[in-house]
Structures are given as structure tokens and as C-alpha cells.
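Subject: Structure handover

Hello,

Here is the structure we discussed, with its sequence. My notes on what was found follow below it.

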Amino acid sequence: MQAPILDLDFIDNRTPDQAAASCDTKVSAETNTGHQRKLYIESYGCQMNFSDSEIVTSILFEAGFDTTAEVTQADLVLLNTCSIREKAEQTVRHRLTQLQHLKRKKPHMVVGVLGCMAERLKKNLLEEEKMVDLVVGPDAYRDLPALINEVDGGHKAVNVLLSREETYADINPVRLNSNGVSAFVSIMRGCDNMCSFCVVPFTRGRERSRDAHSVVREAQELVNQGYKEVTLLGQNVDSYKWQSEDGAEKVNFAQLLERVALISPDLRVRFSTSHPKDITDEVLYTMKKYDNICKYIHLPAQSGNSRILELMNRTYDRTWYMERVDAIRRILGVDCGISTDMIAGFCSETEEEHQDTLSLIDFVQYDYAYMFFYSERPGTLAARKLQDDVPLEVKKRRLQEIIDKQREYSHLRNQLAVGQVHKVLVEGFSKRSEEMLSGRNDQNKVVIFPKMHFKKGDYVNVLINECSVGTLFGEPVL
Ligand code: SAH
Ligand code: SF4
Ligand code: F3S
């Protein structure tokens, strides 16, 4: 299958399915429990945002809202937004313009902006986008019912306070757009890393880890409901660190991973994102120890050049990154899937430094990559201290070179699977035919095979006999 090309600052080599899991739009589904008012929620950006929308829906369900998949039916329209690149914000502004027409027809419809753009722009958003009634940052969702009351009373409402404690640990998310097979579980919030290009520390606040018991409880409940896969989410999962109030119990990421893996051998466990500076051998050995922890690591490099990595404030260099990749290959073998994020054309990047990114791709031979060109974000370290001096055409050309090289490796890595038997967790019908099923293998690759007597949620051993850049095809081994 051809790579879906969404726009030039977000190009990747994943299938649409995989793209939906990370940088796309998702809308709420229909629930009808007799509640009076209807919520329509649309989510942009990363998995953390999709996961947050499930928390928001849960909070608003308690406050008397059912969800709708039809924006025209909604009393409350929420956009959960992303600020990571300029383009992400433009998409939201465009959507707000579209909603303006609906609001003219339905003046009582409340429109709210949540998430990272709300946090970045704060009350300015109310001045810039006149039809917005409500601006709520990622740590203030518990306040939503009260804020909606204020709007009902004829006022605009804003809460963008960031918190050092909020993890929404006690809230039971309402699963949106769920296939009933896989779910995301947030294990931490915020980020303390201050990569110079990145807006996330400003929009999500300080890093905090969620109570380990509440994580295990949520995963156990998902298993009880028939889910077969959980993905533990955080901006930097390897720095997960939780301790009980009396300090007697301390849990790091490897230990949390083990606790979740022990819930059931039938539950697949994934996690994202790993920071190269923090991923430990202990995590890799824990992955090796449990068959149900998927052998796939998203390990964003951002650049292959040590000077650029320093300017990016990533706190590792090329040698360190390569050593971590060697450790993955040594402990988990060559079959372990590895993916990355790469930024082309960061401030002052020379042609030779760009070549280092290409040669790092040659060294690692990634299974997937999420590739972007640098987009300056107001308020970040890079915006304040560095010149965004690589011309746009050069950024785009370098990005294209990265994409072209990565496509070859995605194909090559898929070809290695041909002739092997892979355990696939079925997620549903393939997009093209109800005679075919679609699922994922351990390395998070989409596998398509004939339905026969199998169904969603089954584990099926599939002999891979063909592949494209983004997909594997095979036959069940009976
Ligand atoms: N916590 C993750 C990244 C989350 S943001 C990590 O540290 O790896 C997802 C990706 O968006 C980043 O990895 C980076 O590649 C990209 N990104 C972030 N800020 C960007 C910017 N200003 N311009 C272009 N890409 C950016
Ligand atoms: Fe952003 Fe860096 Fe934190 Fe990732 S680790 S969210 S790139 S600051
Ligand atoms: Fe995620 Fe975008 Fe915010 S990537 S953390 S929604 S800026």
C-alpha cells in the first residue's frame, strides 16, 4: 500500500490505521443513556489527547451529557487541540471557522477549546476566535461542569491552570471509537525535558506519574471487559517513577510494565514513548522476560547529528543513541521493531549534519518513522535562542530525502517477515473486504489475512507470504 501523504509537514510510512493512532482526528461515537444534553468531541494530536478526551467524556457523562457522532446534534462541541507544529494549530482554526456557520444557526450551542492550544493561547483564544465560549487546559478538566454552568449563565469561561499533581487517576475513561480490543492507558502526564523545539512542557506542565495501583486496576478492568491489548502512554515512559505516600513502595517503569504484563498472559502490553536517554537495560530485560510485552520500541532520535542533538537539548548524542539501539538488538534480537521521529532542517543544520540523519537511518534500519520538518513554536527555547534559518525549500527537500530512505527500510523490514509465522491480534475487518481480517503483529505491523472462522479479538498465527511498504499479507496456519 502507498504511504498516506497527509501534508508536507507530517508525512509517514504507516497505514491509515496506524496514523489514526497517533496524529489524526477522532470524533466521539453515539451514546444514548437518556441524558438531556449531547456532547460532540473531536480530538487532534497525539494519543495522550485521545486518551484525555475519554477522561473528559467520563467527567461530562457524570454531569449529564451523552455523546453524539453528529456535530449538528450537539449542545456542546469540544475540540481537543494540538500545538506541536504550526500546521496543527491551523487545522483547528480552520475547523473553528467551519463551526461558526453552525453556531449562527444554533446560538445556544456551546463551543469549547481544550488541550494544548487552549493552554498555549489561554484567554487570548477568546479574543482571536470570537465564537469560542470555553477554554480549558489539560489539567483543568474536572472543572468542566462548573465552567459550562458559567457559559450557560451567559459568560465566557477559562481555566488553564496547570497542576503538579493531577493525573485523573480515579477517573474511569469512557472508551471512544474503541474497537473493543485495544485501549490506551495514561501512566503519566507532562514533561520535564525541555527539548528546545518542543511546546509540550509549556502546554502539559511538569511531569508526574500516576499511582501504579490505579494503572494496574484500569488495565485489569479492560481485561474484564474483554480487551486484549493496552498501550501505556506518556511523553517519556522510561522516567515513570511513583512512590506510595509513606515512601514504602517505589515503582519504576520496568516494574510497572511487569505488573501490567502479569495481569494476564492473554493481554498484550505496549508502551509509548521511550526517550533514548532514559530507556534502561532493565526495561529491555523485562520485555524479554514476558512474551505478552510486544517487541516494539518507539525511540525518537530527532536527528543523527550530535551538534544538532545538543542544540535540540535532547541530552544524548549519536553514539549514545547507537549504543541504545545495539542494546535493543543484543537483548531482544533483530526482530524487535524500532521506530523513530525525525525533524528535518532544525536551526543551523548543515548539509553534512543532515547526512548524519540519513546515515543513522541506515544504521538502525527503522521499521517506521514519523517525519517532520522543523516548525518554530513561540515561547520554546529554540524560538528564543536560535535562528530558524534553514529555508523552507531546503527543509522540504531534506525531509523528502529522509522519507525516501525510510520507505526503503520499511519495505526491507517487512520483507524480512515474509516466510515467518507471526501471532496477530485481530482488530476487525480489513478496509477493503469483509472476507479479510486486519490485525497487528508484535512489531505493531498491520497484517491482512482471510477471515475463515476467526473474529475480532482472536489471536491468529499467520504465515506471512507477501508485503508492501506498510502492510503484511498472509494465511492463517491451522
Ligand atoms: N515525547 C516525545 C515526542 C512528542 S512530540 C519524544 O520525546 O520523543 C512528537 C514529535 O513531534 C516529536 O518527537 C518531534 O519529532 C515532533 N516535533 C515536536 N516539536 C516539533 C517542532 N517544533 N517542529 C517539528 N516537529 C516537532
Ligand atoms: Fe517534547 Fe522532548 Fe518532552 Fe518529548 S521529551 S514531549 S520532545 S520536551
Ligand atoms: Fe500531544 Fe500535540 Fe499536545 S502532540 S501533547 S496534543 S501539543
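**The cavity and its lining**

Helix H2 makes the greatest contribution to the lining of the largest cavity, giving 3 residues. Please keep in mind that this is a predicted model. The search of the whole structure finds 1 cavity of 30 Å³ or more, and the space in the largest cavity comes to about 70 Å³. Its lining consists of Ser51, Glu54, Ile55, Thr167, Tyr168, Ile171, Pro173, Arg175, Phe184, Ser186, Arg210 and Glu218. Two elements, helix H2 (47-62) and strand S10 (182-186), each give two or more residues to that lining. By type, the lining residues are 5 nonpolar, 3 polar and 4 charged.

**Domains**

The protein chain is divided into domain 1 (10-159), domain 2 (182-414) and domain 3 (421-476). Domain 1 and domain 2 each supply at least three residues to the lining of the largest cavity. Between the centres of domain 1 and domain 3, taken over C-alpha atoms, there are 34 Å.

**The second largest pocket**

This pocket has a volume of about 340 Å³. There are 17 residues in its lining, and Ser209, Arg210, Lys241, Trp242 and Gln243 are the ones that lie nearest its centre. Strands S12 (208-209), S14 (241-243) and S15 (250-252) are the elements that give two or more residues to the lining of the second largest pocket. That lining divides into 2 nonpolar, 7 polar and 8 charged residues. Arg210 appears in the lining of the largest cavity and also in that of the second largest pocket.

**Strand S18 and its neighbours**

Is strand S18 buried or exposed? In strand S18 (residues 337-344), 8 of the 8 residues are buried, so the strand is largely enclosed by the rest of the structure. The burial holds on both faces: Gly337, Ser339, Asp341 and Ile343 are buried on one side, and Ile338, Thr340, Met342 and Ala344 are buried on the other.

S18 has a parallel partner in strand S17 (residues 296-298), joined to S18 by 3 bridges. In this pairing Ile297 stands opposite Ile338. Strand S19 (residues 368-373) also runs parallel to S18, with 6 bridges between them. Here Met342 of S18 is opposite Met371 in S19. The connection from S18 to S19 passes through helix H13 (residues 351-364), and this β-α-β crossover is right-handed.

**Single residues to look at**

Some backbone details may be worth a look in the viewer.

- Ser272 and Thr273 are joined by a cis peptide bond, with omega about 10 degrees. Thr273 is located in the loop between strand S16 (268-272) and helix H10 (281-289).
- Gln365, in the loop between H13 and S19, has a phi near 55 degrees, which is positive in a residue other than glycine. Its relative accessibility is 28%, so Gln365 counts as partly exposed.
- Met452 is not a glycine either, yet has a positive phi of about 45 degrees. Met452 sits in the loop between strand S22 (446-450) and strand S23 (459-467) and is partly exposed, with a relative accessible area of 43%.
- Ser43 belongs to strand S4 (residues 37-43). With a relative accessibility of 3%, Ser43 counts as buried, because the cut-off is under 20%. Ser43 and Tyr409 are 366 residues apart along the chain, and their C-alpha atoms are separated by 31 Å.

Regards

Technical notes. Residues are numbered from 1 along each chain as its sequence is written. Chains are lettered from A and ligands numbered from 1 in the order in which they are written. This is a predicted model: local features need pLDDT of at least 70, side-chain atom pairs count only at pLDDT 80 or more; totals for chains, interfaces and linings use all residues. Side-chain values use heavy atoms; hydrogens and water are left out. On a 1 Å grid over the protein atoms alone, a cavity is a set of points where a 1.4 Å probe fits but cannot get out, and a pocket is an open set with protein on both sides within 12 Å along at least five of seven lines; lining residues have an atom within 4 Å of a point. Grid points are joined across faces, edges and corners, and a volume is the space filled by probe spheres set on the points. Helices (H or I, at least four residues) and strands (E, at least two) are DSSP runs, numbered from the N terminus. Ala, Val, Leu, Ile, Met, Phe, Trp, Tyr, Cys and Pro count as nonpolar, Asp, Glu, Lys and Arg as charged, and the others, Gly among them, as polar. Domain bounds come from an automatic or database domain assignment. Buried means under 20% relative accessible area, exposed over 50%, partly exposed in between (1.4 Å probe, protein chains only). Two strands pair if DSSP finds at least two bridges between them. A crossover is right-handed if, with the strands pointing away from the viewer, the path from the first strand over the helix to the second runs clockwise.
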